Amino acid sequence: MPLTEIQYPILQVFLCVVESRTGMPAQPLNATPKQLARAGQKQDEDNKAKPLPKGVVLGPDGKPCRTCTSVSSWLAMAKSKPTAAVASPTPSVAACPPDVEELGRSSWTLLHAMTANYPEKPTGTQQSETKQFINLFGKMYPCWVCADDFRAWMKDGNEPRVSNRAEFGRWACEAHNAVNVKLGKESFDCNKWEERWRTGMEGC
Ligand SMILES: Cc1cc2nc3c(=O)[nH]c(=O)nc-3n(C[C@H](O)[C@H](O)[C@H](O)COP(=O)(O)OP(=O)(O)OC[C@H]3O[C@@H](n4cnc5c(N)ncnc54)[C@H](O)[C@@H]3O)c2cc1C
């Protein structure tokens, strides 16, 4: 029943407000289960029809994976969804879960800082634990596409080199450069890894 045909004006106003606030078409009070099912089906079809914006990566659960997607693609996807009628306050960027870039920067900081603090003469235990950590990191990294490629890179003759700090630092630099190349970014000069991550460049 169209809203205009509802006999009670107050109800009409109420349903109009519901519709404008929720963005969902108000259901007539006497809608049959069949009508309701059809409305649900229509909404599913609408959702399916929309292609995902470029750069949005799906997770193994079939839902968009935030830690595999950049903020700009995520926002593009959010914009392409119907606007929620009740406006929620915009959260500050600092309070948001990390996107693929923030996660990457933080993770590289951790990895390079680990290499910078690695012993020059590690014990056998330190070496095997470090290898275990890197292998688990490659399994648990919370961007699955990144993790898959990282593991494939390691398998392709690039196992972690952990015999001493210099080796480990260079290995991490090469791992990072492999991603830089994949993303079309400039490679970092690995002769400078220690200056960047341990001793500090001028001004640090
Ligand atoms: C294991 C792993 C896999 C990833 N895979 C993907 C992926 O598949 N797709 C994706 O979109 N993102 C991926 N990322 C994230 C990506 O590498 C970047 O972190 C992200 O794009 C942000 O880039 P950025 O330009 O801010 O600087 P980052 O690349 O994060 O670099 C941070 C800083 O490290 C220094 N640096 C740069 N290169 C090197 C190097 N080779 N050695 C030492 N220091 C260096 C520079 O000073 C730079 O400012 C991955 C991250 C990790 C940790």
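**Exercise 1. Describe the two sides of helix H4 in this predicted model.**

*Solution.* Begin with the face of H4 that is turned away from its buried side: the exposed residues Arg105, Ser106, Thr109 and Leu110 are carried there. Next, list the buried residues of this helix, which are Val100, Leu111, His112 and Thr115. These four lie on the same side of H4, because the arc they cover around the axis is only 95°. Finally, identify what this side meets: the buried residues of H4 pack against H7 and H8.

**Exercise 2. Determine how the reach of H4 compares with the span expected at 1.5 Å a residue.**

*Solution.* Count the residues of H4, which has 17. Then take the distance from the first C-alpha to the last, 24 Å. This is close to the expected 24 Å.

**Exercise 3. Characterise the shell around the ligand by its closest residues, its elements and its residue classes.**

*Solution.* Start with the size of the shell: 21 residues surround the ligand. The closest of them are Gly104, Cys146, Cys173, His176 and Phe188. Now assign the shell to elements. At least two residues each come from helix H4 (100–116), helix H6 (144–155), helix H7 (165–182) and helix H8 (193–199). H4 makes the greatest contribution, seven residues. Sorted by class, the shell holds eleven nonpolar, six polar and four charged residues.

**Exercise 4. Identify the nonpolar cores and the elements that build the largest one.**

*Solution.* The largest nonpolar core consists of ten residues, namely Leu111, Tyr118, Val162, Phe168, Trp171, Ala172, Cys173, Ala175, Trp193 and Trp197. Two elements, H7 and H8, give two or more residues to this core. Of these, H7 provides the largest share, with five residues. A second core, separate from that one, has five residues, including Cys68, Val100, Cys143 and Cys146. Two links to the earlier exercises can then be drawn. Leu111 belongs to the largest core and is a buried residue of H4. Cys173 likewise belongs to the largest core and is among the residues closest to the ligand.

**Exercise 5. Establish whether Lys54 is buried or exposed, and place this residue in the chain.**

*Solution.* Locate Lys54 first: this residue sits in the loop between helix H2 (33–49) and helix H3 (71–80). Count the other C-beta atoms within 10 Å of Lys54, which gives 9. The limit for an exposed residue is 12 or fewer, so Lys54 is exposed. As a last step, relate Lys54 to Trp74, 20 residues apart along the chain: their C-alpha atoms are separated by 9.5 Å.

Technical notes: Residues numbered from 1 in each chain as written. Predicted model: local features only at pLDDT ≥ 70, side-chain atom pairs only at ≥ 80, totals over all residues. Near = placed C-beta within 6 Å. Nonpolar A, V, L, I, M, F, W, Y, C, P; charged D, E, K, R; others polar. Core = buried A, V, L, I, M, F, W, Y, C linked by C-beta atoms within 7 Å. Buried ≥ 20, exposed ≤ 12 C-beta atoms within 10 Å, placed from the backbone. Expected span 1.5 Å × (residues − 1). Arc of directions from axis to C-beta. Contact = placed C-beta atoms within 7 Å.
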